[in-house]
Amino acid sequence: MNYDAIVEMLRDTPGYADQIAHIEYIPGRKASYAETELPLHPILQDILKGRGIDQLYLHQAQAIDRIRAGENVVSITPTASGKSMIYLLPTIEAVLEDHRSRALFLFPTKALAQDQMAKLNEFGLFPKVRFATYDGDTPQDERTYVRSGAHIVFSNPDMLHTAILPGHTQWVRYFANLKFVVLDEIHTYRGVFGAHVSQVMRRLRRICRQYGSDPQFIGCSATIANPGELFQSLTGLDATVIDEDGSPAGKRTFVFWNPPPVTKDGARRSTHTESAKLFAHLTQHRLRTLTFAKARKSAELIVKYTRESLSQDSPDLEARIKTYRAGFTAEQRRDIERGLQTGELMGVAATSALELGVDIGDLDATILTGYPGTIASAWQQAGRSGRDGRHSLSALIAMDNPLDQYLMRHPDYFFGRPHERSVVNTRNKRIRALHMECAAFELPLGDRDWEILGPGSLEIACELAEAESLVYRNDKWYYRGDNYPARLFSIRSASTRSYRIRDITGQGALLGEVEEARAFHTIHEGAIYLHQGDAYLVHEFNQDTLEAKVCLTDATYYTEPREVTNISIAEELLRKPMGATEVCFGEVVVSNQVFGYRRKQLYTDTTVSIEDLDLPEQVFETEAFWYTVPADVSNDLMDAGHDLGGSIHAAEHACIGLMPLHCVCDRWDIGGVSASCHFDTGLATVFVYDGYAGGIGIAEESYTRIEELLLATLECIVACPCTEGCPSCIQSPKCGNNNEPLDKAGAIYLLARLLKIDLPKPVTN
């Protein structure tokens, strides 16, 4: 397939308006092979030969040698590089040599665990090597067999947290012989989820020690900048990093596609419309395509628009396009996966559910509808095409936000820069306290546990004793509750309480749950709640029963909360100079109150009405970085005709929009507050904080790279061709003040003065 010709055809399609911002031609790579220091078990050699594998890739051989030497290992190589062989071969070999050996394989999703177990099943070793899944879908009558008979258990951190560790007395034989623990796709364990998983891994190590085992840990990841550091944060253990990729790769043509401006202020054409047009075009040219979308509804819209386009020009292809997303049954997902593998389907629009290594066969092209948030995720998604070494096509279609537009103007940042760092905050006392209770429930805590559980654990135990969650007697700390602590919170959330959402139009069906911290913003009375493409109106929001009652609606509007946020400094931990000012990092107290909401018309975003709410203030402690504006800079800025409040507000928005370029996070994980005269500093101040109680490490990581971040922020604002500010630079979709006030020119002046650089001239249409 001549992809260069297809790119030229794209330029000739109706409606083309210079959307191609950049084309990167990525050369292919030949495989590099190596032999292990000692031959693999004869049975494994025969299996590999039967699968047409005569040699191992370099990184596979290196990792297996280090695992055989007893080392913990973390391997970082791209999609389709054979990472699963790194842990499958040594664990199978261990079982073949000693049938008492056990292994625990942990995956971030059930689908990935099922896919990897299917790969092991293809080895044809059952029942010599027994394996099974153990997750929420495992029938009760099969669980006894898994606990007592399976050599390799496929599970996830959630099940380990809620069932396996609390019920460890049913797993005595298993834990006593546990030789390997595999953490696959470790780059997904970040933020709150990563902080929880780091504590679950420490609880696991403690239980293993109780039964006399000391398993090796094996991690696999997409490419990130700090794999060894991330592995250490997650497990508390050091590891040998294997990062020399020996797998082959086909040529890839990577297109950056920027929807054209459609208004004088620079607002751009819909990303979803552009994605659907490109999807239809590639499908018509018989290119099997996977299109990624950020949300379920987006994936459904892209398929709808694509089918409408195909129905006119290629009706035979219309039924060969489908959606793949969470919310589908396991059987529905398997059918779609098989359809892609066999070629029955020409294309699928999917959420990130297909980003990880589920086998979907050999695809020709991938479309990324919006930058997925990290370079690692972008390459994971792009790498789903061209898996057989053929030339493939990938396209990143930009959204109208600072992050995507920055990349359109700086493709070298994406293609030439090292990957981001993945951050896990192991100090979050709120999360550690929850897991300390779980650990005490599993086994009474003693002095030898503090090393595994981490610095400050004894202090946390004392605080829990004061709160009467633990009790100290006979040199041990015991859990004193009557409940089952692991069942009281999810490891994918910072909240310990959630609101249930019930559909009162039917039989009171439970539609889902929303964690308490987000409930006031998303399911307040009068809110429009979206579920599987349907709109529901919230009729009742009960804070006593933690329940929201909703019903289907045909409303032609959506709702947007109005909120006010205040922040106070609890303790300054770090301070350093930055240009004309100083930047600080420390602990803060955030208070947030949703006081109303807007009804906004679909498609036009016009405000239909503004409604009031009477909801209580939410207060939490977290971590933040902040910088002040010296009085002389503030005075000069206002003398130059700029609005001080609008300037710092605009700088705050643009900075938050670009933070995912510098550490692995989502802009929705971060909050910001700007004040023209903050009561703790006495100066105009910009705060950026972690949006979860206790902090998740994003603010601290950004503090260490603040000048780089603010320079990129300044460049983003300057380069945007709008006049007053737009979603591509200073407007934020999560602003509780309706993006008012904002002063684009003032933000440019402010950042240039603070960074002590010449005042740049804005780009104009």
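In helix 22, S647, I648, A650 and A651 meet G746, A747, L750 and L751 of helix 25. Sort the residues of this contact by character and you get six nonpolar, two polar and no charged. Keep in mind that this is a predicted model.

How do the two helices cross? The axes of helix 22 (residues 644-658) and helix 25 (residues 744-755) come within 8 Å, crossing at roughly 80°. Angles of 65 to 115 degrees count as roughly perpendicular, so helix 22 is roughly perpendicular to helix 25.

Now for the sheet. It's an open one, built from seven strands in the order 1-11-16-15-12-14-13, with mixed pairing. Which strands stand at the edges? Those are strand 1 (20-26) and strand 13 (321-324); each has a single partner strand, so one side of each is left without a neighbour in the sheet. From one strand to the next, the twist averages 15°.

At the strand 1 end, the pairing with strand 11 (residues 252-257) is antiparallel and runs over six bridges. Within that pair, Y25 sits opposite T253 of strand 11.

Two helices pack on the sheet, and here is what each one touches:

| Helix | Strands touched | Direction angle |
|---|---|---|
| Helix 12 (residues 296-313) | strand 12 (289-292), strand 13, strand 14 (347-350), strand 15 (365-369) | about 180° with strand 13 |
| Helix 14 (residues 375-382) | strand 1, strand 11, strand 12, strand 15, strand 16 (392-397) | about 145° with strand 15 |

So strand 13, one of the edge strands, is touched by helix 12, while strand 1, also at an edge, is touched by helix 14.

How values were computed. Residues numbered from 1 in each chain as written. Predicted model: local features only at pLDDT ≥ 70, side-chain atom pairs only at ≥ 80, totals over all residues. Heavy atoms only, no water. Pairing = 2+ DSSP bridges. Helix = DSSP H or I, 4+ residues; strand = E, 2+ residues; numbered from the N terminus. Axes fitted to C-alpha atoms, helices over the stretch in contact; angles between N-to-C directions. Contact = heavy atoms within 4.5 Å. Parallel < 35°, antiparallel > 145°, perpendicular 65-115°, else oblique. Nonpolar A, V, L, I, M, F, W, Y, C, P; charged D, E, K, R; others polar.
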